[in-house]
Amino acid sequence: MTAIRMGIVGCGNMAAAHAAGYYALKDRMTVTATCDLNRERAARVAQLYGARHVFQSYRDMIEHVDAVLIALPHDLHYEAGMTFLEAGKHVLIEKPIANTEQECMDLLYAAERRDKVLMTAYSVRYNPMILFLKQLLEQKTYGELFQLSIFTEQYTEYSELHWARSAARLGGGQLFSHGCHYIDLLLWYMGKPVKGTHLGTNLGTPWMEREGTSNVTIQFESGAIGMHFGTWGARGSRLRYSIHAHCTGGMLELDLTNRKLYAHIDHREELSGIPGSPCVLLMEAEDKGKFLYHETNHFLDCILHGQNPQTDAAGSLQGLRVIWRLYEAELDKRIADLRGLGLDEDWSRVPIRHFGS
């Protein structure tokens, strides 16, 4: 089997984060080229991966690659993605896939025309603990799910001239940029959304043009409620990154920070989940840095075997549409109608609303 020639477009933090996973996949792929406007940064990443070619323009790397990872500022995803798809290359693109509905749809149509893999880098979905939790919920091991809460509490303040300070370049605020991971997860776990609300603020995160703190509540067809609370303004946290799945037979607690999954099954007392109460450790996962390996390995499988990605661009679009509808409803001070936006619904039949930057 000939190794797939991979190019890296954008050599910031995410490019470096993939290094361990790419090394583990060296029998299936080889990084042949890197690209960044900052040539020194591109050269450093090329040295890290052993790439022979270093470029400042991604158009110059086309002949040297079969596939690319695009890790650029969000507003540049569309142009770069279209360039490589139209050139007949497979594309793994960091979230969000693009900043508007029309751009997302253009990328999807281009991938279809050229019969190329277009995959969104929603790395959370490739975490083995996330996969195991989904299995437990689908099998109703602990009864019926009625509330799923996702918490992401961190402190993120970009430097004064950083592109992510611009709402137009970021595509929105914290919810769009980072919360898209977890809206995608709610849809994947819980099915078809019916209605929802979003409240956001930049109080506590004045460097953000749009919200730095975000609260989302979504009701699903099953009647279950999904919630995501995310902030980039946390000066401290007990929850950090965690998921609480409340089921009729107990509560599943996924501590993403410490990579542990627990079942709290003693529900005889109101405070059964306090430290020291009976609970069962169901899983302890490998080091976080290896999760990107699973994502890239799946991308390679899709290329080699003609598979549709688990985190395909169509599903990614539906998740972003949920966010855009929530933003729109927040401005109008109403509850958002989210019907027709499940991951398994036809993305091409949803009317474009032209909401987004």
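Author: Strands pair when DSSP finds at least two bridges between them. Helices (H or I, at least four residues) and strands (E, at least two) are DSSP runs numbered from the N terminus. The model is predicted: local features need pLDDT of at least 70, side-chain atom pairs count only at pLDDT 80 or more, and totals for chains, interfaces and linings use all residues. Residues are numbered from 1 along each chain as its sequence is written, and side-chain values use heavy atoms, without hydrogens and water.

Reader: Happy to start with strand pairs. Which residue of β5 does A67 stand opposite?

Author: Look at strand β4, residues 67-70, and strand β5, residues 90-94. The two run parallel and are joined by 4 bridges. Opposite A67 in β5 you will find H90.

Reader: In which order do the strands of the open sheet with 6 strands stand?

Author: Its pairing is parallel, and the edges are taken by β3 (53-55) and β6 (118-121), each of which pairs on one side only. From one strand to the next the twist averages 25 degrees. Read across, the order is β3-β2-β1-β4-β5-β6.

Reader: How many helices and strands does the chain have, and what box do its C-alpha atoms fill?

Author: For the elements, the count is 10 helices and 15 strands. Taken along the principal axes, the box is roughly 65 × 45 × 40 Å.

Reader: Now the open sheet with 9 strands. Why is one side of β14 and of β15 left without a neighbour in the sheet?

Author: The order is β14-β13-β12-β11-β7-β10-β9-β8-β15, with mixed pairing. β14 covers 280-284 and β15 covers 336-337, and both stand at the edges. One side of each is free of a sheet neighbour because each has a single partner strand.

Reader: What is the bridge partner of G196 in β9?

Author: Start with the two strands: β8 spans residues 193-201 and β9 spans residues 213-220. They pair in the antiparallel sense over 8 bridges. Within β9, the partner of G196 is I218.

Reader: Which helices pack on this sheet?

Author: One candidate, residues 174-190, touches β7 (145-153), β8, β9, β10 (225-231) and β11 (241-247), contact meaning heavy atoms within 4.5 Å. Its direction makes about 160 degrees with that of β10; axes are lines fitted to C-alpha atoms, for helices over the stretch in contact, and angles run from 0 to 180 degrees between N-to-C directions. Another candidate, residues 313-332, touches β8, β9 and β15, and its direction makes about 65 degrees with that of β8. By name, they are α8 and α10.

Reader: How do helix α6 and α8 pack, at what angle and with their axes how many Å apart?

Author: Helix α6 is made of residues 128-138. On its side the contact is made by I130, L131, L133, K134 and L137, and α8 brings L185, W188 and Y189. The packing angle is about 35 degrees, and the distance between the axes is 10 Å.

Reader: Is the peptide bond from K95 to P96 cis or trans?

Author: P96 is placed in the loop between β5 and α5 (101-114). Most peptide bonds are trans. Here, with omega near -15 degrees, the bond from K95 to P96 is cis.

Reader: Is the phi of D115 positive or negative, and what is its value?

Author: You can find D115 in the loop between α5 and β6. Most residues other than glycine have a negative phi. For D115, a residue other than glycine, phi is positive, near 55 degrees.
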